[in-house]
Each structure stands twice: as structure tokens, then as C-alpha cells.
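Thanks for coming, everyone. Let's take a few minutes on how two chains meet. Have a look at the structure first.

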2 protein chains.
Amino acid sequence: MVGATGAVGREITRTLQARGFPVDDFVPFASARSAGLQVSFRGRRWTVRELTDGWHEGIDLSLSSAGATVARWALPPAAAAGTVCVDNSSAFRLDPGVPLVIPEINPDALDGHSGIVANGNCTAITALMPLGPLHRAFGLTFLVTSSYQSVSGAGMKGIRELTEQIEKLHGQEEDLGSPDPDALPRGEVFGRTIAFNVVPRAERFAPDGSGFTTEELKMGAEARKVLGLPDLAVAATSVRVPVPVGHGVSVFARFEREVSVQAAREVLGQAPGVRLVDAPEPGGTGGAYPTPLDAAGQDDVLVGRIRGVPDDPRALLLFAAGDNLRKGAALNAVQIAELLVRRGL
Amino acid sequence: MVGATGAVGREITRTLQARGFPVDDFVPFASARSAGLQVSFRGRRWTVRELTDGWHEGIDLSLSSAGATVARWALPPAAAAGTVCVDNSSAFRLDPGVPLVIPEINPDALDGHSGIVANGNCTAITALMPLGPLHRAFGLTFLVTSSYQSVSGAGMKGIRELTEQIEKLHGQEEDLGSPDPDALPRGEVFGRTIAFNVVPRAERFAPDGSGFTTEELKMGAEARKVLGLPDLAVAATSVRVPVPVGHGVSVFARFEREVSVQAAREVLGQAPGVRLVDAPEPGGTGGAYPTPLDAAGQDDVLVGRIRGVPDDPRALLLFAAGDNLRKGAALNAVQIAELLVRRGL
């Protein structure tokens with residue numbers, strides 16, 4: 001376990017325990033700052049070690065959720081020495097020699113891996129869980145996505161920044177109709193006020209000046225790699241919203257073949273890891289549709305708001321919501337590890 | 001002034017005063033419940049009257065922001081008797097005999113009006129402020145929108161419901177990673193928990209079972225009417241977010257002609273009522289981009305995150321943010337009234 005004390009690391013530990021993952025010895029690593037802390041796992045407390053050269057000795061399988069910089073430094077020597085590494089960072093996802101795997105969608109990508117297996121971006125996984133089976137049924141050709149990404153996508157510090165800003169602004173909700181810009185809190189993590197606001201910028205702007213953020217480019221690149229569609233056109237917008245946990249994504253998808261709402265529901269009703277939550281009340285405001293808070297703490301990605309597009313019989317709209325720390329990160333990583341164990345690593 | 005005590009009504013009163021609108025006599029109306037209250041306008045207090053039959057006697061021009069039901073009952077007799085009515089409800093927007101006007105985009109639609117002029121939906125106006133000039137320059141053919149709509153779109157009671165739920169949940173932000181569904185607050189206005197969540201349902205689901213909400217259908221219908229494009233294909237998703245004031249909308253637009261980011265910026269930089277906020281920092285997290293909280297209290301619609309779409313030279317992505325009570329409602333209504341006065345009603 002590399003990055004054991006972060007938001008995703010804690011969720012990986014919880015998931016390994018909840019799913020009874022076969023572990024002989026459990027070794028939590030983190031940065032020097034967190035070394036010496038203790039982590040609970042299977043009723044025991046394990047002391048967090050600092051990640052240093054040679055950390056991987058004696059370790060068969062590593063799950064890591066440190067940043068891309070740490071992953072680039074720590075994982076290749078481990079993989080070369082025989083430790084199979086499941087990595088949650090973006091460091092290796094687009095490396096042609098590294099499989100990018102969502103077990104329900106492309107498990108065979110694990111064939112012939114070279115010691116590093118990448119876990120996808122949290123928003124991409126949330127969108128791809130319904131899009132994978134829909135692609136198999138109807139042939140995906142074009143995708144427009146707009147995300148509603150929770151603050152925990154930026155780690156525990158994202159939740160803390162939201163909480164601090166809510167603390168400062170709660171009670172002034174009506175005054176925010178005409179706010180004093182100088183009095184609005186701005187934090188390190190989101191740069192702008194995230195409480196009572198949405199911020200259409202997640203991660204960095206790409207260095208190429210295209211105006212896309214790296215988060216937006218991941219949606220296209222990872223969709224193309226996971227679905228095996230190198231020419232898939234994807235237009236993604238990533239927006240951070242003041243939600244602690246749970247990513248939403250609004251999807252417009254066009255397919256090669258005609259698709260109906262009913263046919264899409266049939267496909268998604270049988271898709272593993274997807275829960276269809278799609279029974280709007282005609283003429284009313286009730287019925288079933290997914291929200292991020294409903295997805296928080298759940299393993300399944302919730303999918304609903306499925307609609308056909310007038311005069312465009314090959315297109316669909318839908319809204320998916322998933323727990324970004326579970327299926328968007330820890331659960332998917334543990335599922336990859338389970339697959340690796342079943343295959344003898 | 002019909003609906004003088006609501007969120008939009010208060011904003012209309014403030015806007016009339018701020019813009020020095022020519023008023024001989026000011027007569028605020030509201031429902032029986034609010035009759036007798038007092039409203040401040042130009043340093044005087046005016047007593048709110050109950051809206052009853054014959055309310056329009058002696059009134060040349062009415063601005064109304066009551067609901068559609070009240071508008072359907074109150075406005076046709078007023079218009080028939082010679083009162084020109086600018087209505088903020090959805091009651092008459094799609095009526096072929098009623099102009100639907102955004103003064104910066106289609107002022108000529110006022111020609112030959114029959115006494116009722118409709119003000120658009122708040123999210124549609126926010127999207128159309130940049131799309132109008134882009135359409136004139138490049139010819140709009142296809143639109144996908146996903147909205148980030150503030151709670152004040154549902155009136156003052158929307159802000160109150162968000163505030164109450166924040167009060168209840170603040171301090172438990174980390175626990176919302178695995179919430180107890182039965183302990184989550186649900187209110188009358190949004191049906192689901194809106195604090196620390198996003199709700200992909202605004203207004204009612206259409207009675208036709210298509211799965212679209214009436215709010216989503218407005219985006220398409222109003223874009224077609226305002227832009228004069230009866231065949232424009234629009235795929236809209238409306239999502240409520242825990243923001244007090246300020247609507248965001250993520251837009252994918254395809255045009256007849258090729259369009260570049262630079263060309264779009266040139267068009268929008270000269271568009272009245274639009275403020276270009278679009279200078280992302282390549283490789284960084286800073287620079288200029290719009291958020292709803294930046295738009296709150298502002299007259300202009302802020303537009304940024306303009307991006308080209310790889311392999312699709314006729315398409316653009318952008319993010320617009322506008323004050324749903326100002327340009328999305330009160331300001332646009334007062335601008336229509338100003339146009340009517342300049343034209344001699």
C-alpha cells in the first residue's frame with residue numbers, strides 16, 4: 001500500500017478488508033511526513049513506513065495511490081524487481097505498455113502486462129461504466145461530457161477546504177446574490193471559492209494552450225484506451241462542485257447504430273457494477289434518478305436520466321453518479337488486484 | 001409589478017431604480033398572502049396590493065414575475081385592455097403570437113407584439129447570450145448543454161431550503177462519504193438533498209414520458225424561437241447545484257462554418273452584455289475563467305473556457321455563467337421594458 005494515509009489509500013485499506021482480499025502481510029507506505037502513523041487493518045494497527053529506495057523488497061503486489069510524481073519514481077524499479085503494481089495515479093495510464101483496466105469492461109487488457117497496471121481517472125471510470133456496455137451493444141462514435149466532480153477528487157484536503165469555506169459563508173447565503181469579491185474565501189486546493197459555487201477547472205490547464213484541463217483530456221484519452229477506440233471523438237468539460245464525495249457526469253453519446261431508451265435500459269440493467277436508477281415520474285417531480293450523494297458509499301455506479309435525442313435516433317443522453325473514492329479509485333484498484341491474483345499475477 | 005415580493009420581483013424593483021426607469025406611478029401587486037406588505041422604491045415605501053380582476057386599470061406597462069398559472073389568468077385581460085405586459089413566466093414564451101425577447105439578440109421580435117412580451121428562461125438566456133452572436137457569425141446547427149443551476153432559480157424558498165440543509169449537515173462533511181440515506185434532509189422545493197449534492201432534475205418531468213424535464217425542453221424551444229432556427233437540434237440536461245445565485249452552463253455547439261477559439265473570442269469580445277473571462281494559464285491552475293459566484297450581482301453574462309474540439313473544426317466548447325435573477329430574469333425584463341418605452345410601447 002503506497003499512499004496509505006490519503007483519501008483513496010484509506011478507502012483501499014477499507015475495501016481490501018471488506019472484500020476479504022488475500023493478504024499475508026500488509027505494509028503501509030506513505031511520505032516521510034506520515035511515516036510513523038498507524039493504520040487499522042483486520043483488527044490490527046500497522047505502522048506506516050516511509051517510501052524509500054528498495055521499498056518493494058518482499059512485496060508481491062502493491063496498490064498505490066500517491067501522486068504521479070511519486071509513482072514515476074517508485075513503481076518502475078518495483079515492477080522491474082517483480083512486484084506487480086496497481087497504480088491509481090495518472091503517471092502510466094497512457095503508456096502503451098501499461099494496461100488501463102476497468103475489470104467489468106476490459107479485463108483482457110491485463111494479458112501480458114509488464115508489472116504495472118493503471119487504474120483510471122475517477123470521472124472517466126464513472127462515465128465508462130455505462131458507456132462500456134452501451135458501446136458493445138451500439139458502437140460508440142462521439143461523446144460530449146460535462147462533469148460534476150466532488151472535492152474529495154482532490155483528496156482529504158479538498159474536503160477540508162470546502163468545510164472551512166462553508167464555515168465562513170454559512171449564514172450569508174442570501175448575501176451571496178451580490179458578493180464582495182474581496183471577502184470571498186479562496187483556498188490552495190481549488191484556487192477559487194468552491195463553497196456555494198462551481199469551479200469549471202479541475203487540475204491544471206494543459207501546457208499546449210488548447211484551453212483544456214488535464215482532467216478533461218484524461219476523459220478522452222482514457223475512453224479511447226479502455227474502449228479500444230483510438231479515433232473516438234470526445235469533448236469533455238470538467239467542473240468541480242461543492243459536494244464532499246460522489247462524482248456526477250452528464251453524457252451525450254452518439255452510436256453507430258440506432259438506440260432507444262428502452263434498449264439502453266435493457267443493456268444497463270444487466271451490466272455488472274451499474275445500477276439503473278431511472279424511473280422519472282411523468283408530469284411530476286419524483287421517481288428515481290441518480291445523485292452523487294446517493295452514490296457516495298456505494299460500490300455501483302448509478303445511471304439514470306436516460307433520454308433519446310429528438311431527430312437523432314443514434315444518440316442518447318444520460319446522467320451517471322459514482323463514488324469517486326470507491327469505483328472511481330479504491331474499488332476499481334482492488335478489483336484489478338483480485339483479477340491479478342486469480343490469474344496468478 | 002406583479003409578483004413584487006418574490007426573488008425576481010425584488011430584483012426587478014431594484015433594477016428599475018438602479019437604471020432610472022421612467023415611472024410615474026409604481027404599483028406593486030402580489031398574492032393575497034403578501035398584500036399589505038411594503039416595498040421600497042425610490043426612497044418611498046409602497047404598499048403591496050392583492051392581484052384581483054381589473055388590477056391593470058390605469059397601468060400602461062406591467063412587469064410580472066408570478067408563476068405561469070397566475071400569468072395565464074392575469075395577463076390576457078390586461079393586454080386586451082391595453083396594458084403592455086412583460087412576463088417572466090413560461091406561460092406565453094412559446095405562444096406564436098408572443099415575442100420572446102433577449103434585447104441584445106432579437107430586439108426586432110417586438111415588432112407588432114399584441115400586448116404580451118415574454119422574458120426567457122434563466123438558463124436559456126445565460127446560454128443564448130454568447131450563442132446569439134456566435135450563431136450570427138458562424139451559423140449554429142447543433143447544441144448540447146449541461147447546466148449548473150442555482151437554487152434561487154426556484155425562488156427565495158430555494159435559498160432557504162439550501163440554507164436549512166447546510167445548517168443540518170455542516171460539520172459532517174467527511175461522514176457524507178458514506179451517508180445514512182434516512183438521515184439526509186429532503187425539502188419541498190428540490191425533493192432530494194440539495195446541500196452537498198447536485199440534483200439532475202429541475203422543474204417537472206415532461207408528461208410525455210420522454211424523460212426530459214420541462215426545464216430541459218425550454219432550452220431547446222427557447223433557443224429555436226430566439227435564434228429563429230426552428231430546426232435547431234438541442235440536447236439539454238438541467239442540474240440543480242448548491243449555489244445561492246448564479247447559473248452556469250456547459251455548452252457544446254456546432255456551426256455551419258469553421259470556427260476557431262480566436263475567432264469566437266473576437267466575436268464575444270464585442271458582444272453587448274457578454275464579458276469575456278477567458279485567459280487560462282497554460283500549464284497552471286490560474287488565469288481567468290468564469291464561475292457562478294463571479295457572475296452573481298453582475299449584469300453581464302461571463303463567458304470563458306472556450307475550446308476547439310479536436311477533429312471537429314466547426315465545433316466549440318464554452319462555459320457561461322450569469323446571474324439568474326439579473327440577466328436571467330429581472331434585468332432582461334427591464335431591458336425589454338426600456339425597449340418598449342423607446343418604441344412608444
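One term before we start. By salt bridge I mean a side-chain nitrogen of Lys or Arg within 4 Å of a carboxyl oxygen of Asp or Glu. Keep in mind that this is a predicted model.

So how many salt bridges are there between chain A and chain B? The count is six. Here is one of them: R305(B) pairs with E216(A), N to O, at 2.7 Å. Polar contacts add to the picture. Between chain A and chain B, 40 residue pairs are in polar contact, both residues at pLDDT 80 or more.

Which elements of chain A supply the residues on its side? Several give at least two residues each, including α4 (156-169), β10 (247-255), β14 (301-309) and β15 (312-322). The one that gives the most is α4(A), with six residues. By type, that side of chain A divides into 41 nonpolar, 23 polar and 16 charged residues.

Now the overall extent. Chain A puts 80 residues into the contact, and chain B puts in 80 residues. Together they bury about 6400 Å². Of that area, 62% is on carbon and sulfur atoms.

Last topic: symmetry. A turn of 180° with a shift of 0.0 Å along the axis lays chain A on chain B, with an RMSD of 0.0 Å. That is the relation of a two-fold axis. In chain A, S146(A) has the C-alpha nearest the axis, 3.2 Å from it.

And why do the copies meet through the same surface? Because 100% of the interface residues of chain A are also interface residues in chain B.

Technical notes
Residues are numbered from 1 along each chain as its sequence is written. Chains are lettered from A and ligands numbered from 1 in the order in which they are written. This is a predicted model: local features need pLDDT of at least 70, side-chain atom pairs count only at pLDDT 80 or more; totals for chains, interfaces and linings use all residues. Side-chain values use heavy atoms; hydrogens and water are left out. Contact means heavy atoms within 4.5 Å. Buried area is the accessible area (1.4 Å probe) that two parts lose on being put together, summed over both. A polar contact is a pair of N or O atoms within 3.5 Å; within protein, one must be able to donate a hydrogen and the other to accept it, and residues adjacent in sequence count only if both atoms are side-chain atoms. Helices (H or I, at least four residues) and strands (E, at least two) are DSSP runs, numbered from the N terminus. Ala, Val, Leu, Ile, Met, Phe, Trp, Tyr, Cys and Pro count as nonpolar, Asp, Glu, Lys and Arg as charged, and the others, Gly among them, as polar. Copies are superposed by least squares on the C-alpha atoms of residues with pLDDT of at least 70 in both.
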